[in-house]
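Work through the exercises below with the sequence and the coordinates at hand. Each task is followed by a solution in steps.

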Amino acid sequence: MNLANHFLIAMPHMDDPFFTDTVIYVCEHDEEGALGIVINKPSPITMDMIFAAADRNIPLRMQHENVMMGGPVQIERGYVVHTPIGRWQNSMVVTDNVALTSSRDVIENLSKEGAVDKALISIGYSKWGKGQLERELAENVWLTVPADEHILFDVPYELRYAAAFEKLGVNPNALISGVGHA
């Protein structure tokens, strides 16, 4: 199973305060574990602040947007999920069109025409060790659905959880928390 380029959708009964009502974009998943970015939990940092610190002009499309809390790991670092993948100092290619970049050069080029079409910026990321995500899936902690760039980049962050459930065709109110056995 490889869940890269999928959304993890937190089950409605999730009791971890950080991950309650969360959608995570999985960027990497292999036998060693998984890495993803929370796409619907805003941090108090805005894009205006990022661009001011980098002494760059902010693109109009990003003014007043929140930086996401990508996860509880390395919250002192910034990460950019973006399209197109481009050529940056430190990128992880997720699909032919989407990459995760953690180098400053992508931030410095967000305002350049044609360098980055769409971007979601986060501080921190989410990570699972070997077999951990598979155990959580078996325990009914997460639902999965193939990722959708429209939800990832265009849907307002506060609507992404509902949009991911809609893509899955599931009403979250109809889900139960227990696992049944026949």
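**Exercise 1.** In this predicted model, find how many bridges join β1 to strand β10 and in which sense the two run.

Solution.
- Locate the strands: β1 covers residues 6–10, and β10 covers residues 142–146.
- Count the contacts: five bridges join the pair, and the two strands run antiparallel.
- Fix the register: Leu8 stands opposite Thr144 in β10.

**Exercise 2.** Identify the bridge partner of Phe7 in β2, and state the sense in which β1 and β2 pair.

Solution.
- Strand β2 spans residues 23–30, and its pairing with β1 is antiparallel, over three bridges.
- Within that pairing, the partner of Phe7 is Tyr25.

**Exercise 3.** Decide whether the residues on each face of β1 are buried or exposed.

Solution.
- Use the cut-off: a residue is buried if its relative accessible area is under 20%.
- Take one side: His6, Leu8 and Ala10 are buried.
- Take the other side: Phe7 and Ile9 are buried as well, so that both faces are covered by the definition of buried as under 20%.
- Check against the strand total: five of the five residues of β1 are buried.

**Exercise 4.** Find the salt bridge of the structure and describe where its two residues lie.

Solution.
- The structure holds one salt bridge.
- Its partners are the side chains of Asp154 and Lys118, with an N to O distance of 2.9 Å.
- The pair links distant parts of the chain: Asp154 belongs to helix α4 (residues 149–154) and Lys118 to strand β9 (residues 118–128), 36 residues apart.
- Side chains of opposite charge can pair when their charged atoms come close.
- For the accessibility of each partner, Asp154 has a relative accessible area of 38% and Lys118 has 29%. Asp154 is therefore partly exposed, and Lys118 is therefore partly exposed too.

**Exercise 5.** Name the residues of the negative surface patch and classify Glu31 by its accessibility.

Solution.
- The patch is formed by Glu28, Asp30, Glu31 and Glu32.
- Glu31 sits in the loop between β2 and β3 (33–38).
- The cut-off for exposed is over 50%. Glu31 has 58% relative accessibility, so it counts as exposed.

**Exercise 6.** Place Arg77 in the secondary structure, classify its accessibility and give its C-alpha separation from Ser91.

Solution.
- Arg77 lies in strand β6 (residues 73–83).
- Its relative accessibility is 33%, so Arg77 counts as partly exposed.
- The C-alpha atoms of Arg77 and Ser91 are separated by 14 Å, and the two residues are 14 residues apart along the chain.

Key
Residues numbered from 1 in each chain as written. Predicted model: local features only at pLDDT ≥ 70, side-chain atom pairs only at ≥ 80, totals over all residues. Heavy atoms only, no water. Buried < 20%, exposed > 50% of the residue type's maximum accessible area, 1.4 Å probe, protein only. Helix = DSSP H or I, 4+ residues; strand = E, 2+ residues; numbered from the N terminus. Pairing = 2+ DSSP bridges. Patch = residues over 30% accessible without salt bridge, like charges linked within 9 Å, V, L, I, M, F, W, Y side chains within 5 Å. Areas by Shrake-Rupley, 256 points an atom, 1.4 Å probe, with all protein chains shown as cover. Salt bridge = Lys/Arg side-chain N within 4 Å of Asp/Glu carboxyl O. Lys, Arg positive; Asp, Glu negative; His and termini not counted. Charge placed at Lys NZ, Arg CZ, Asp CG, Glu CD.
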